[in-house]
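Q: I am new to this structure and would like a close look at one part of it, namely how its strands are paired. Please go through that part slowly, and then connect it with the other contacts that can be described.

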Amino acid sequence: MVLVRLLVLSLFHMSLGGSQPTQSSQQASSPPHPAGQQSPLGTSNLSFPWSRLRLPRYIIPLHYHLLLHPNLTTLSFTGSVQIQIDVQNNTNWVVLHSKGLQISKAAIVDQNFAHLSDQVLPVLHNPSHEQIGIFSPRVLSSGQKYFLYLEFGAELSEGFYGFYKSTYRTSTGETRTLASTHFEPTSARMAFPCFDEPSFKANFSIRIRRSPEYISLSNMPVVETFEVNAGVLEDQFDASVKMSTYLVAFVICDFKYVTATTSSGVQVSIYASPEKWPQTHYALEVAVKMLDFYEEYFNIHYPLPKQGTLCLVFLLLLCQIPLFPPFTFSPLTCVFPLSDLIAIPDFESGAMENWGLTTYRETSLLFDPLTSSISDKLWVTMVIGHELAHQWFGNLVTMEWWNDIWLNEGFARYMEYISVEATYPDLKVEEYLLQTCFSAVGHDSLNSSRPISSPAENPTQIKQMFDTVSYDKGACVLHMLRHFLTDDVFQRGIVRYLRKYSYRNAHNQDLWDSLANTCSEEDFMSGKHCYSSSQASKNAVSKHINIHSRTSLHRCPLIHFTQCKQLFSGLVTCCGCMYCLPQYLFAGEHMDLTAMMNTWILQKGIPLVTVTRKGPHLLLRQDRFLRTVLPSDRLWSTLQQGFLWHIPLTYKTDASSTIHRHLMTTPTDSIHIGEEVSWVKVNTDMTGYYVVHYEDGGWDEMTKLLRENHTALSYKDRTHLIHNAFQLVTAGHLSLDKGLDLIGYLQLETHTVPLLEGIGYLETFYRMTEKRNEFDVISNLGMYILRFFRAVIDRQTWSDRGSVSERRLRSEVLSLACHLKDPPCLERARESFKDWLQSNGTLNLPTDVAVTVFSVGAQDDHGWVSLLHTYNMSLSEAQKSKILFALTCSRDTNKLHRLLELGLEGKVIRSQDLSSVILMVARNPRGYRLAWNFVKKNWDTLVQKFQLGSFCIRNILIGTTGQFSSPEELTEVQHFFESIKEQASQLRAAQVALDNVQKNVRWFQRNLETLRNWLNKQLQ
Ligand SMILES: [Zn+2]
């Protein structure tokens, strides 16, 4: 251990013997009581004072002074933390989080730096709650502030959480080490003792010691670097703004960076390992554009440090000269707002929004012009858009607790679409939004789904909140809300929300109030731009009258007429004052936004709206949409009970180009549409989160419309129809041949999105049937797809030319054609692969078809081995991911097995990619049994590597079992979950996996014969 010279050491002159971590399984159920002055300091008669998972609320951390000294040779670290705490109840105990840390010293001093004890303070541990309790013999008094001081140490973590080790290899074969952090949701406690809950926001002053060959990065800019002793430098970072512990970050590495400045003066830098530095330029361009966009959209400056006026003068002067971080402007401490983005070689998730230091998987940040495809480019752009949106949504305003993580993640996911559409319109990001909503529907139509806002207490439950419900459903519900409120009202509402709750925490209700522009009576009377109503808006004006009648203070709110006209339907006058009247596009009276949104946020599932034409009326009925339970099942009606949504319904007819709107708040309803209308398409462009079923020949009408005049509907409407039809097939509302007939128009389709939606279903049926030895169906379906889409396949070029949509279509269509063994496709791919091999891998294949070429090349021994060699040597993660996919397409089970083993070993194939390898092998008809057996055999190792509740474990479970579709396989999966009962009972994914297999089993039972007959008819 290195002797640590601490600035705070002068406060702590006592000589403390090492107090060994003690463990206590005893827990008390009542809050700690202050004890007398003479309490003994031994731990023998002390029991852990706190029994709950969440920390007591009466000790508030205010400011952390954190010092860390990682040793990248011994792979360990030591540190100390001084936390200023505000005590709000008399107590003898400070309880906070710590996991896997050796606490070697604990002390508490008061505001005057007087010690509360001259003895060692006992530290009790409760490992099952990841908490420690520090006992003070003298009572900590309510209303007083103290400093808690702790020294600690640990090994750098082996996994992907806490303060962990990562390595990379140079082109000369040298392995280099770095140390990085990932804290969300509950792993800050693995790096330093802390109050590790999102609502305990505090300031952080961080210092990091390092060898001169490394640099250190953290949330804030370095203000000073000095030599501690020979060969050890200390970087002192500026004090942070108030933030949650999960957003703290630090990295010690030898990376290089590129840097640029946004128009408002934020210094943006992209860091990567030295040889990957040339791949950082695209990310730099994106990050600068994104920050500029968000500052304008949110109308709030990038919320990191603000300079004083003196500093601003320096800033202006310094703008003229190139700058190289870390900035050191001693004695005048002058810092720039920084936004660092860094690619970490070992990274479990895609990226993390740590304030001012966002961390990324290499494939999420690096763009290599030679090997990155158009999809890679879009991915990088969207991920950066997501993480930078979090700097406001999540970092500036944080959800109160993890049950509402959707307030962070749903927003960030949705902002990806808003920001990329605005900054990179050519990428056509809006074409992907439907897919995001479709994946939400897929999950939400299983009985095992959950409400967006769901209870989550322990770390395993909290980790599971990071799922498609929080992200994708969250984004789709926001999309619906934005269309309901209009873009302008939505944007102004979220700006209001961000301003009001800056550096604080928020609940769902705070968001609804901000969006509905409601406010407190106090706000109202002081002239804020809002209307006052506890019921949101129903009777804004009458409420105003009530306020006026109750108060003698008759002061009119200040209404800006132009703003009122822009945003609201107009002005109303009441009691001599003018008020803005909120404007909604939906007919009827003003909405109760909270009541409406509660049906989407607090209730699980998705509604199915069944529409029937009756004379001039459209009859509507809403049910809960379930894909695992058929309407004929007895369980169906039970599962419907109590479900009701407030659905902002939209529809279009052939009678006009108008989008009609209707808020449906009852189980059944009807709308007058007139006699002359020949078709009605409900849920225009899928701006609403609900599935639509057209009863009584309604689907035949849609099929006819698509065949005769498909462009009468937008591409989104066409895609939405295809999606809904096949969802209804699975749910037992529509027969499969009706769905297949609906996509019979696709030969006329020229838009990528509906084409891929239709082809996607056929491919899914093909891939599922491939794993069932239904040889006639496999062969006929393959033949049908190739014949039906012949013109589309032949249209594709083997190049990177064309628009983003064209390039995306080419990637997908050629990949499928070669998988279906289309002779011209195979021939062309083999030729390209031969050229690539002959060039020794130096030839640059067109990036959008490289996966297809590699996958065909991987089918023989020589090709497979050459690809694995290139995989091992490549410095481009974009290329490596394409090769890895191709390697998993081999039909040789020995090779597939080797890939799984390499992933488990974590050297050639990094552990971060193991879950992807398992999923890709499971997709292969020769590999799906292999992958499942691998998961069962290595279950404990997988859980240890990725942690129970992580999305890796979830993906592995759902991805491998999702390939099954027979009753025997369902039983096998049930048996496995029985064998890991204790873990499975904690995992939502186990129930999702079972629901999914059950759904597949039913699909084949109901539809296989229909598919067989339909194909026979088509191929006659
Ligand atoms: Zn996020």
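A: Two strands are said to pair if DSSP finds at least two bridges between them. The model is a predicted one, and everything that follows should be read with that in mind.

With that meaning of pairing, a good place to begin is strand E18 (residues 338-344), which is joined to strand E20 (residues 357-361) by 5 bridges, the two running parallel. Within this pair, Asp340 has Leu357 of E20 standing opposite it. The pair belongs to an open sheet of 5 strands, whose order is E16-E17-E18-E20-E19 and whose pairing is mixed. At the edges of that sheet stand strand E16 (256-261) and strand E19 (351-352), and because each has a single partner strand, one side of each is left without a neighbour in the sheet. In general, the strands of a sheet pair through backbone hydrogen bonds, in either the parallel or the antiparallel sense.

Both senses of pairing can be followed from one strand, E27 (residues 607-614). With strand E28 (residues 617-624), E27 pairs in the antiparallel sense over 8 bridges, and here Lys614 stands opposite His617 in E28. E27 and E28 make a hairpin with 2 residues between them, and in its turn Gly615 has a positive phi of about 55 degrees. With strand E33 (residues 691-694), on the other hand, E27 pairs in the parallel sense over 4 bridges, Val692 in E33 being the bridge partner of Val609. As for the surroundings of E27, 6 of its 8 residues are buried, so the strand is largely enclosed by the rest of the structure.

Beyond the strand pairs, side chains also make links, and salt bridges are one kind of them. The whole structure holds 44 salt bridges. One of them brings together the side chains of Glu130 and Arg189, at 2.9 Å from N to O. This contact also concerns the strands, since Glu130 sits in the loop between strand E6 (123-126) and strand E7 (131-140), while Arg189 sits in the loop between strand E10 (175-182) and strand E11 (203-210), so that the pair links distant parts of the chain, 59 residues apart. Glu130 and Arg189 are both buried.

Another salt bridge links Glu972 and Lys936, whose side chains meet at 3.0 Å, N to O. Here the distant parts of the chain are helices, with Glu972 in helix H32 (residues 967-979) and Lys936 in helix H29 (residues 928-937), 36 residues apart. Glu972 is partly exposed, with a relative accessible area of 23%, and Lys936 likewise counts as partly exposed, at 29% relative accessibility. Returning to Glu130 and Arg189, salt bridges that share partners join them with Lys99 and Asp196 into one network. In a further salt bridge, between Asp487 and Arg482, the closest N and O atoms are 3.4 Å apart; Asp487 is partly exposed, with a relative accessible area of 42%, whereas Arg482, at 16% relative accessibility, counts as buried.

A zinc ion provides another link. Its protein donors are His386 (NE2), His390 (NE2) and Glu409 (OE), which lie 2.0 to 2.1 Å from the ion, and along the chain these donors follow the spacing H-x3-H-x18-E. Because His390 lies in helix H4 (residues 374-390) and Glu409 in helix H5 (residues 406-423), that pair ties together parts that are 19 residues apart in sequence. His390 counts as buried at 0% relative accessibility, and Glu409 counts as buried at 1%.

Finally, a strand also takes part in the largest pocket, which has a volume of about 910 Å³. Its lining is made by 30 residues, and those nearest the centre are Thr167, Asp346, Gly906, Lys907 and Arg910. Two or more lining residues are given by each of strand E9 (162-169), helix H25 (861-873), helix H26 (877-887) and helix H30 (939-946), with E9 giving the largest share, 4 residues. By kind, the lining divides into 5 nonpolar, 12 polar and 13 charged residues.

Conventions
Residues numbered from 1 in each chain as written. Predicted model: local features only at pLDDT ≥ 70, side-chain atom pairs only at ≥ 80, totals over all residues. Heavy atoms only, no water. Donors = N, O, S within 2.8 Å, 3.2 Å for Na, K, Ca; no water. Buried < 20%, exposed > 50% of the residue type's maximum accessible area, 1.4 Å probe, protein only. Salt bridge = Lys/Arg side-chain N within 4 Å of Asp/Glu carboxyl O. 1 Å grid on protein atoms, 1.4 Å probe; cavity = no way out; pocket = protein on both sides within 12 Å on 5 of 7 lines; lining within 4 Å. Points joined across faces, edges and corners; volume = space filled by probe spheres on them. Nonpolar A, V, L, I, M, F, W, Y, C, P; charged D, E, K, R; others polar.
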